Amino acid sequence: ADARYHIGLIDLVTADYAGTLAQADTIAHAIPGHLYAIVLRAEVARARGDSVALHRAQATFLEHYDAESRANRPEYAQHPGVLERFRTEALQAQRKAP
């Protein structure tokens, strides 16, 4: 999952959004609810200016965060800042939502 996350980020930087989403799909297929898949989808939504998809990804992230945190996946320990920043952003967006 970590390697696919990195490939997805490279695809994102090069504006290969289909590639980023393919990596997210592969991660999610192997491990449903994996936070990296959700983050990749959110970043594509942000890059495309798709606020609906971004908010949906943020909500999905929050739905899975507690269970995934308890899973103690080693890859999460490699990028704790990314996950915490995204969680903070998602919580802020949730508070602002009508």
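The following dialogue shows how several features of this predicted model may be read.

Visitor: Where does T20 lie, and is T20 buried or exposed?

Guide: A residue counts as buried when its relative accessible area is under 20%. T20 belongs to helix 2, which covers residues 17-30. The relative accessible area of T20 is 0%, so T20 is buried.

Visitor: Which residues is T20 in contact with, once its neighbours within four places in sequence are left aside?

Guide: Those residues are G8, D11, L12, L40 and V44. With G8 there is also a polar pair: a polar atom of the T20 side chain lies 3.0 Å from the backbone oxygen of G8.

Visitor: How should A22 be read, which is in helix 2 as well?

Guide: Values between the cut-offs of 20% and 50% are called partly exposed. A22 has a relative accessible area of 36%, and therefore A22 is partly exposed.

Visitor: What span should helix 3 have, and what is found between its end C-alpha atoms?

Guide: The general idea is to allow 1.5 Å a residue. Helix 3 has 14 residues, 35-48, and so should span 20 Å; its end C-alpha atoms are 20 Å apart, which agrees. After helix 3 comes G49, with a positive phi near 75°.

Visitor: Which residues of helix 3 are buried, and what covers them?

Guide: The buried residues are L35, Y36, A37, I38, V39, L40, A42, V44 and A45. Their cover includes helix 1 (2-13), helix 2, helix 4 (51-70), helix 5 (74-78) and helix 6 (80-96). Two of these buried residues, L40 and V44, are among the contacts of T20.

Technical notes:
Residues are numbered from 1 along each chain as its sequence is written. This is a predicted model: local features need pLDDT of at least 70, side-chain atom pairs count only at pLDDT 80 or more; totals for chains, interfaces and linings use all residues. Side-chain values use heavy atoms; hydrogens and water are left out. Helices (H or I, at least four residues) and strands (E, at least two) are DSSP runs, numbered from the N terminus. Buried means under 20% relative accessible area, exposed over 50%, partly exposed in between (1.4 Å probe, protein chains only). A polar contact is a pair of N or O atoms within 3.5 Å; within protein, one must be able to donate a hydrogen and the other to accept it, and residues adjacent in sequence count only if both atoms are side-chain atoms. Contact means heavy atoms within 4.5 Å. The expected span of a helix is 1.5 Å times one less than its number of residues.
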